[in-house]
Amino acid sequence: TRLKVIDDELWLKRLSKLLIKNLEYPLHSVSGQCENIMRRLLSLCTKSQIDQVLGIIKTLSSKHEVKSRFLALNLALEYTDVKLYLEENPDAIAEMIMHTSETAVVGKHVLAYFEAFLKKLWLAVDGKPEPWYAFWIKDYLEALRSDDESLRTSACTHLTPLVIKIHKMSLAYILSKFLE
């Protein structure tokens, strides 16, 4: 059953902000509990409330909030239309790729979200490679051609295995596009 308090929009905003900010908390027990509560809260939310929570997540722009942002996005992914999300956030893939070269602690959360996002996107295009590639290949190739060595390394060592895991022919496609 839905909790009565979720109908209070101010309460939803305050609780969401508190939980999302505490996903960054250094104690695993605190961040883990916040993650569990956030997961439960999202399961009780309506579509418009999910959109409000995504709006709150968008406000996390500090370098110190990257972990919280991607943990929260991963929790909300189940309730997100990925194609619509990319329409509303055209730089989302580039941002994910850029953050994969962050520290190991932050990068693993970005990579977990990126993999889950790409899998959901694969399902959203009915497993058709061409439309799937169209969403992310441009940003991926820009990372490979970047002057930033850590970004290039991250793309090769972290992102390539993710996309190959989703679609085995991705490496051949990436190489053909890279060599064009």
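Let me start with Asp 81, which sits in the loop between H4 and helix H5, the latter covering residues 82-88. Please keep in mind throughout that what we are looking at is a predicted model. Is Asp 81 buried, exposed, or something in between? Its relative accessibility is 42%, and because buried would require a value under 20% and exposed a value over 50%, Asp 81 counts as partly exposed. There is also a link here across the sequence, since Asp 81 and Lys 120 are separated by 39 residues along the chain, while in space their C-alpha atoms are 8.8 Å apart.

Now let us step back from that loop into helix H4 itself, which runs over residues 66-76. How many of the residues of H4 are buried? The count is 10 of its 11, and H4 can therefore be called mostly covered, given that buried means under 20% relative accessible area. Among the buried residues are nonpolar ones such as Phe 70, Leu 71 and Leu 73, but Lys 67 and Arg 69, which are charged, are on that list as well.

One partner of H4 is helix H6, residues 92-99, and the axes of these two helices come within 12 Å of each other and cross at roughly 125°. That angle makes H4 oblique to H6, and the crossing is left-handed. Which residues meet there? From H4 we have Val 66, Arg 69 and Phe 70, and from H6 we have Glu 95, Met 96 and His 99. Taken together, the residues of this contact divide into three nonpolar, one polar and two charged. As a general point, an α-helix has 3.6 residues a turn, so residues three or four places apart point the same way.

Let me widen the view to the whole chain, which has 10 helices and zero strands. Of its 180 residues, 44% are buried, and if we take the contacts between residues at least 6 apart in sequence, 69% of them join residues at least 24 apart.

Finally, a word on confidence, where the mean pLDDT of the chain is 85 and 86% of the residues reach 70 or more. Among the elements, helix H8, residues 129-144, has the highest mean pLDDT, at 96, whereas helix H1, residues 9-22, has the lowest, at 69. Over residues 1-5 the pLDDT is below 50, and this stretch has eight contacts in the model beyond near neighbours in sequence.

Methods:
Residues are numbered from 1 along each chain as its sequence is written. This is a predicted model: local features need pLDDT of at least 70, side-chain atom pairs count only at pLDDT 80 or more; totals for chains, interfaces and linings use all residues. Side-chain values use heavy atoms; hydrogens and water are left out. Axes are lines fitted to C-alpha atoms, for helices over the stretch in contact, and angles run from 0 to 180 degrees between N-to-C directions. Helices (H or I, at least four residues) and strands (E, at least two) are DSSP runs, numbered from the N terminus. Angles under 35 degrees count as roughly parallel, over 145 as roughly antiparallel, 65 to 115 as roughly perpendicular and the rest as oblique. A crossing is left-handed if the near helix is turned anticlockwise from the far one by less than a right angle, and right-handed if clockwise. Contact means heavy atoms within 4.5 Å. pLDDT is the predictor's confidence in each residue, from 0 to 100. Buried means under 20% relative accessible area, exposed over 50%, partly exposed in between (1.4 Å probe, protein chains only).
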